[in-house]
Amino acid sequence: MILFDGNSLTFERLVAIADLGEEVGLAPDAVARVRAAGAVVDEQAAGQAAVYGINTGFGSFAEVKIPADSLERLQLNLLRSHAAGVGDPLPVRVVRAMMALRANVLAKGFSGIRSQTLDALVALLNRRVHPRVPCRGSVGASGDLAPLAHLALVLVGEGEVWDGARAAPRYTARPARRCSSSAAS
Amino acid sequence: MTTEANSATDNPMVFAGEREIVSGGNFHGAPVTMAADLAAIALAQLATISERRTEVPSLDDDRPPAPDIDTITRLIASGVLEESCRVAVK
């Protein structure tokens, strides 16, 4: 089993996860760091001060404070609005690599994610639930907003996942949409 | 690449020790793409060298006349090489 701790992910381990389906988990010290950072987010979200990305809009709305009772909707809308990539879906091995890289970064404990959410991402890898992520729309210079939004939508029960069958892609109504392709492994 | 894979790339970033949330630019992944582009160019060069070093053994004399395998193999190698170079600099 490979444990994410945010410091020791190598190419070899990434390939083992992406291609060989190696089981993954979170290092105990990572869990402690993630919880500590998550508590800071909870604290600031409950406060009056505007903190970018926590209780503000994004981009040109970065200065706009969002009221506390709308924060949940803000975060959900962030995922929905950014899940707008285009092009063919990335192969499953690439999606697995994305998931592993993101889980590793989140395990560093500088992101403020809830530990339950990170647990869910790790569980997706272990249970081979793979989000459908369109290959175009990443700009690199601003994170991987669109591809990661497609990945994260699955964690809230939306978006699309591969079902591994070798049929043509199917796009049905959400939630819990699935898609299939020969590219799945 | 390994450094990037083990770096905090979120925005904002949360510092539990200081109880602070700070917006920054660590999400900027361009340095990795530059390194990857350079690696692709180097690999295309390696492919060029490799293609020139290809040697196709000649067929045994007692076999019946066959299509020119040497020619078609080089043709395919040229095609793949051309594509490699194009992809590397795209």
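Q: Is A42(B) buried or exposed?
A: The general idea is to count neighbours: a residue with 12 or fewer other C-beta atoms within 10 Å is exposed, and one with 20 or more is buried. A42(B) has 11 other C-beta atoms within 10 Å, so A42(B) is exposed. Everything here refers to a predicted model. A42(B) sits in helix α2 of chain B, which spans residues 30-52.

Q: Which sequence separation and which distance in space go with A42(B) and A88(B)?
A: These two residues lie 46 positions apart in sequence, while their C-alpha atoms are 8.5 Å apart.

Q: Why does G38(A) count as buried?
A: The same count applies, with 20 or more as the cut-off for buried. G38(A) has 21 other C-beta atoms within 10 Å, and is therefore buried. Its place is in helix α2 of chain A, residues 28-46.

Q: Which residues does G38(A) touch, leaving out those up to four places away in sequence?
A: G38(A) touches G112(A), I113(A), R114(A) and S115(A). For one of these, R114(A), the C-alpha to C-alpha distance to G38(A) is 5.4 Å, at a sequence separation of 76 residues.

Q: How many helices and strands does each chain have?
A: Chain A has 6 helices and 8 strands, and chain B has 3 helices and 2 strands. Read from the N terminus, chain A runs β-α-β-α-α-β-α-α-β-β-β-α-β-β, and chain B runs α-β-β-α-α.

Q: What percentage of each chain is buried?
A: In chain A, 38% of the 185 residues count as buried. In chain B, buried residues make up 8% of the 90 residues. One element of chain A shows burial in detail: helix α6 (residues 145-153) of chain A is mostly covered, with 8 of its 9 residues buried. Among them are P147(A), L148(A), H150(A) and L151(A).

Q: What percentage of contacts joins residues at least 24 apart?
A: The base is the contacts between residues at least 6 apart in sequence, and in chain A 60% of those join residues at least 24 apart. For chain B the corresponding figure is 41%.

Q: How is a pair of packed helices described, and what are the values for α4(A) and α5(A)?
A: Two packed helices are described by the angle between their axes and the distance between the axes. Helix α4(A) and helix α5 (residues 115-126) of chain A pack at about 150 degrees, with axes 10 Å apart. Angles over 145 degrees count as roughly antiparallel, and α4(A) and α5(A) are therefore roughly antiparallel to each other. The crossing of α4(A) past α5(A) is left-handed.

Q: Which residues make the contact of α4(A) with α5(A)?
A: On the α4(A) side they are R96(A), M99(A), A100(A), R102(A), A103(A), L106(A) and A107(A); on the α5(A) side they are L118(A), L121(A), V122(A), L124(A) and L125(A). By class, this contact has 10 nonpolar, no polar and 2 charged residues. An α-helix has 3.6 residues a turn, so residues three or four places apart point the same way.

Q: How many residues does each chain give to the contact between chain A and chain B?
A: Chain A gives 27 residues and chain B gives 20 residues. On the chain A side, the elements that give two or more residues are α2, α4 (92-107) and β6 (141-144). The largest share of that side, 6 residues, comes from α2(A). The chain A side divides into 13 nonpolar, 12 polar and 2 charged residues.

Q: Which backbone features appear in the loops?
A: A cis peptide bond joins N11(B) and P12(B), with omega at about 0 degrees. P12(B) lies in the loop between α1 (2-5) and β1 of chain B. Phi is positive in R128(A), near 55 degrees, and in R19(B), near 50 degrees; neither residue is glycine. R128(A) is in the loop between α5 and β4 (130-131) of chain A, and R19(B) is in the loop between β1 and β2 (20-22) of chain B. With 14 other C-beta atoms within 10 Å, R128(A) is partly exposed; with 13, R19(B) is partly exposed.

Q: What confidence does the predictor give?
A: Where pLDDT is low, the predicted coordinates should not be read in detail. The mean pLDDT of chain A is 86, and 85% of its residues reach 70 or more. Over residues 165-185 of chain A the pLDDT is below 50, and this stretch has 38 contacts in the model beyond near neighbours in sequence. The mean pLDDT of chain B is 85, with 83% of its residues at 70 or more. The complex has an ipTM of 0.80 and a pTM of 0.81.

Methods. Residues numbered from 1 in each chain as written. Chains lettered and ligands numbered in written order. Predicted model: local features only at pLDDT ≥ 70, side-chain atom pairs only at ≥ 80, totals over all residues. Helix = DSSP H or I, 4+ residues; strand = E, 2+ residues; numbered from the N terminus. Contact = placed C-beta atoms within 7 Å. pLDDT = per-residue confidence, 0-100. Nonpolar A, V, L, I, M, F, W, Y, C, P; charged D, E, K, R; others polar. Axes fitted to C-alpha atoms, helices over the stretch in contact; angles between N-to-C directions. Parallel < 35°, antiparallel > 145°, perpendicular 65-115°, else oblique. Left-handed = near helix turned anticlockwise from the far one by under 90°.
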